[in-house]
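Biologist: Please take a close look at one part, the largest pocket, and then set it against the chain around it. What is the volume of the largest pocket, and which residues lie nearest its centre?

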Amino acid sequence: TSANNDIRLYKSTNFPHEWRLHKSLIQNVSAADTNIFLYEDRWWLFTNIDSSDIGDHCSELHIFYSDQFDSINWMPHSKNPVISTSQQSRNAGVINSTDGLFRSFQIQDFNFYGKSIGISKILLLTPDDYQEKIIHAIEPTFIKNIKGTHHLSYKYDVAAIDFYRYENIKN
């Protein structure tokens, strides 16, 4: 929904092929790679905002919170942007497991979008504080011919990951 300058929530009317707009959660914002999740009885929205207005969604991680999943009144974290580095800011998913809460992030390279994925353990998440510690990197070597990857989410024993690879197609 980045091209519309808002963060939108869609509902499936015929999964996975048909979707309809449910609500615009945050308007008038250039954002990408938004993740919404429940943690300690509060909804959290992690997103990458281009506050410089130059099309850069890789350099700033912003956090918002609400009591409702589909709220239109998301409160900004008091320390936004909570991370300001292109090597760690770009969201790649949320991992919620018995070992804790983790954030995956895209590791970029020069002129290379989605080189690999980094994993940070979220150590502290409150409306006024945020701390994470980088613990791991996942290189794109887990399937033959992968060149990059930039999403990993996990919850309830279900994982979602995307990657891209080059293949020679023979006629």
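Modeller: Accessible areas here come from the Shrake-Rupley method with a 1.4 Å probe, and for residues only the protein chains shown count as cover. On that basis the accessible surface of the chain comes to about 10,300 Å², with 49% of it belonging to carbon and sulfur atoms. The model is predicted, and local features need pLDDT of at least 70 while side-chain atom pairs count only at pLDDT 80 or more, although totals for chains, interfaces and linings use all residues. Residues are numbered from 1 along each chain as its sequence is written, and side-chain values use heavy atoms, with hydrogens and water left out.

The pocket itself has a volume of about 520 Å³, that is, the space filled by probe spheres set on grid points joined across faces, edges and corners. A pocket is an open set of points on a 1 Å grid over the protein atoms alone where a 1.4 Å probe fits, with protein on both sides within 12 Å along at least five of seven lines, and lining residues have an atom within 4 Å of a point. The lining of the largest pocket comprises 21 residues, and those nearest its centre are Thr34, Asn35, Ile36, His151 and Ser153. Two or more lining residues are given by each of strands E1 (6-14), E3 (31-39), E7 (91-97) and E11 (146-155), strands being DSSP runs of E of at least two residues, numbered from the N terminus. E3 supplies the largest share, eight residues. By type, the lining holds eleven nonpolar residues, seven polar ones and three charged ones; Ala, Val, Leu, Ile, Met, Phe, Trp, Tyr, Cys and Pro count as nonpolar, Asp, Glu, Lys and Arg as charged, and the others, Gly among them, as polar.

E3 also includes Asp33, a residue other than glycine whose phi is nevertheless positive, near 50°. Asp33 is partly exposed at 29% relative accessible area, where buried means under 20%, exposed over 50% and partly exposed in between, with a 1.4 Å probe and protein chains only. Glu40, in the loop between E3 and strand E4 (42-49), likewise has a positive phi of about 50° without being a glycine, but Glu40 is exposed, at 62%.

Within E4 lies Leu45, which counts as buried at 0% relative accessibility. Beyond its neighbours within four places in sequence, Leu45 has contacts (heavy atoms within 4.5 Å) with Thr34, Asn35 and Ile36, and among its other partners are Ile7, Leu25, His62 and Trp74. The C-alpha atoms of Leu45 and Phe69, 24 residues apart along the chain, are separated by 9.1 Å.

Two cis peptide bonds can be placed beside these strands. One runs from Phe15 to Pro16, with omega near 0°, and Pro16 sits in the loop between E1 and strand E2 (18-27). Another joins Asn80 and Pro81 with omega about -10°, Pro81 being in the loop between strand E6 (75-76) and E7.

As for the surroundings, the chain has twelve strands and zero helices, and 39% of its 171 residues count as buried. Among contacts between residues at least 6 apart in sequence, 37% join residues at least 24 apart. The C-alpha trace spans about 55 × 40 × 40 Å along its principal axes. The radius of gyration of 17 Å agrees with the value near 16 Å for a compact globule of 171 residues, a rule of 2.2 Å times the number of residues to the power 0.38, taken over C-alpha atoms.

Conventions
Helix = DSSP H or I, 4+ residues; strand = E, 2+ residues; numbered from the N terminus.
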